[in-house]
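User: Please take a close look at a single part of this model, a sheet and the pairing of its strands, and set out how its elements are arranged. A connected account would be preferred to a list.

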Amino acid sequence: MVLVGGVDIGNSTTEVCIGQVDDSGKIHFCSSAMTPTTGTKGTIHNIVGIKDALTKALEKIQKDISDLDEIRLNEAAPVIGDTAMETITETIITESTMIGHNPYTPSGEGFGLGTTVCIKDLFNVEPGKDYIVVIPRVVTYEEAAFLINEASKRINIQGAILEADEAVLVNNRLNRKIPIVDEVKLIEKVPLGVEAVVEVAGQGKTIRYLSNPYEIATLFNLDAEETKYVVPVAKSLIGNRSAVVIRTPKGQVEERIIKAGALEIITPNHQMIHVDIDEGAEKIMDLTKEIEEIKDIKGEPGTNVGGMLNRMKEDLAHLTDRPMEEICIKDILAVDTLVSNPVEGGLAGEVSLEKAVAIAAMVKAEQLPMEKIAKKLEEEVKVKVKVAGVEAVMATLGAMTTPGTKLPLAILDLGGGSTDAALIDEDGWVRSVHLAGAGGFITMLMASELGIEDRTLVEEIKKYPVAKVESLFHIRMENGEVIFYKEPLNPKYFGKVVVLTDKEMLPIEKNIAMEKIVEIRRQVKKKVFVTNAIRALKKIAPFSNIKNIPNVVLVGGSALDFEIPDLILEELSKIGIIVGRGNIRRIEGPRNAVATGLVMSYGGLVK
Ligand code: ADP
Ligand code: MG
């Protein structure tokens, strides 16, 4: 009887399975555990995590590492996933042209057009004309209201821009109400003597005119060329309660196109396929689909994508201690996305959503130094350590412990850094692939589309449903269900959209509608895992026909997701493929497949 530990070092998680193998080869599974992977997968930094996971699993059966007869490490495919994103164009407005924000208390309703004038100069301007008055904080709301009322006898004041948070106080004292935008911190930057429009939407509404480039063009009499330049301005104002757009003198707006660059896909017979990033993700993916095997992908030197691909190669070269020339990109997943970019020239942190292409890439080197880890670990724990078995094969073995499965069987391992697939047939033949793009890529895409920098929060938004706190005693879930509370909720949640993790309610401190969050979340998951499920299955399917795959078991951390398995099933059921989340050894759910497979492969029972 021997005690064997299977260890699967993943990009995100290190998983362990402990099993007893008796003399006849019968396996009795005893325990399992997991910890976050320490350091980059395939480096000796992983050892801390390995020991931690083993100790945790062995404690459960009152044993420790020295009781093991053998530790079996996964022979990790020498591939590393990385992600990056490139904006296609960027528009820069060199002068202050706009103020668009959502102060809590703008006042008035509608819009006004006029020439900007400082409140101190109200009595020195040409009579009979339309003006927008600019009011710095030094002027009190009472003074401001008095001056506007007086000046209105000889000029038409159409709107106001206020530094202080006093729009309502000013408007209440005016004989004729005007739209007022307040809390404009950089008031001294508002140019004077130029045309401007102030718009304030009614309560619960968003602005209509300044978020439409043609309306801005109409208001300012712009020609077609000039209209083109106000598009980013209009875009960044969409969804605001109030806004100001100021016309800049000609020649101060420039559009700078950042060269996104091109990809060069190289095939084993030295064919080179060229594709421009700005043709969009779909074009890139269409091209790669037709290529049976990618030898390497290069990025155009001197462009963003060139830099990005080189960085990935450098990292792996460093990691594996190999020259950079030996490192090749074997797969990419390109996705069209949006990034929020600050608009230069804005006065209140305005951002515009720019089109971007995000890329996840799979970098391959000759071999990951797993042997090095094995040797070091063996020295430290004084137990025999073996690098045993290809990860995908082990995952398939483990997946077979899911009740109801039979050969031939395909697995999709939805991890953090890559989507792996393997197919094992009745004769023990295994085919496997590792594709770029997985859970980590989803988190990155969601972060950029939602404009939330806190990755930990985005990770939770990915994993759990959201709800809107409508009162202190009830919330409305994203599926419409209403949950009531006996005790009042903490007032900090009031009116917010929250993530309902299994431990707590996390407020999302950002003005995004719940529906929008749900939409972005599902779209991104689909773009990554539905696309990858199909790509992966095609590559392992007999005769490249996905219909030749009867059953698919989903394993890996992202198979725990509350909607990813359904999204994949929805798509694959259209072609008659059965897909389900694995349940390794009836108890682990989709986790622990590789570690379990490693124990099962002990003693050469399975190759
Ligand atoms: P690896 O094998 O690369 O270490 P894992 O199989 O551990 O990866 O999967 C890690 C991924 O699974 C991460 O992207 C993580 O966000 C995701 N994940 C983990 N738990 C859940 C969950 N409950 N719901 C959705 N995704 C999850
Ligand atoms: Mg894994």
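Analyst: In this predicted model, strand β25, residues 474-477, pairs with β26 in the antiparallel sense, and three bridges join the two. Within this pairing, I475 is placed opposite I483 of β26.

The two strands belong to an open sheet of five strands, whose order is β26-β25-β24-β27-β28 and whose pairing is antiparallel. The edges of the sheet are taken by β26 (482-484) and β28 (505-507); each has a single partner strand, so one side of each is left without a neighbour in the sheet. On average, neighbouring strands of this sheet are turned by 35 degrees against each other, direction ignored. Strands of a sheet pair through backbone hydrogen bonds, in either the parallel or the antiparallel sense.

A helix accompanies this sheet. Helix α12, residues 514-540, lies across β24 (466-471), β25 and β27 (497-500), and it runs at about 175 degrees to β24.

Parallel pairing is found around strand β29, which comprises residues 551-555. Strand β21 (residues 409-414) pairs with β29 in the parallel sense over four bridges, and L412 has L554 of β29 as its bridge partner. Strand β30 (residues 578-581) also runs parallel to β29, to which four bridges join it; here N551 has I578 of β30 as its bridge partner.

The accessibility of β29 adds to this description. The strand is mostly covered, with five of its five residues buried. In a regular strand the side chains alternate between the two faces of the sheet. Both faces of β29 are covered: on one side N551, V553 and V555 are buried, and on the other V552 and L554 are buried. Thus L554, the bridge partner of L412, is buried, and N551, the bridge partner of I578, is buried as well.

For the packing of helices, a further contact may be described. Two packed helices are described by the angle and the distance between their axes. The axes of helix α1 (residues 46-59) and helix α8 (residues 370-381) come within 11 Å and cross at roughly 50 degrees, which makes α1 oblique to α8. This crossing of α1 and α8 is right-handed. On the α1 side the contact is made by N46, I47, I50 and K51, and on the α8 side by I373, K376, L377, E380 and V381. By character, the residues of the contact of α1 with α8 comprise five nonpolar, one polar and three charged.

Key:
Residues numbered from 1 in each chain as written. Chains lettered and ligands numbered in written order. Predicted model: local features only at pLDDT ≥ 70, side-chain atom pairs only at ≥ 80, totals over all residues. Heavy atoms only, no water. Axes fitted to C-alpha atoms, helices over the stretch in contact; angles between N-to-C directions. Parallel < 35°, antiparallel > 145°, perpendicular 65-115°, else oblique. Left-handed = near helix turned anticlockwise from the far one by under 90°. Contact = heavy atoms within 4.5 Å. Nonpolar A, V, L, I, M, F, W, Y, C, P; charged D, E, K, R; others polar. Pairing = 2+ DSSP bridges. Buried < 20%, exposed > 50% of the residue type's maximum accessible area, 1.4 Å probe, protein only.
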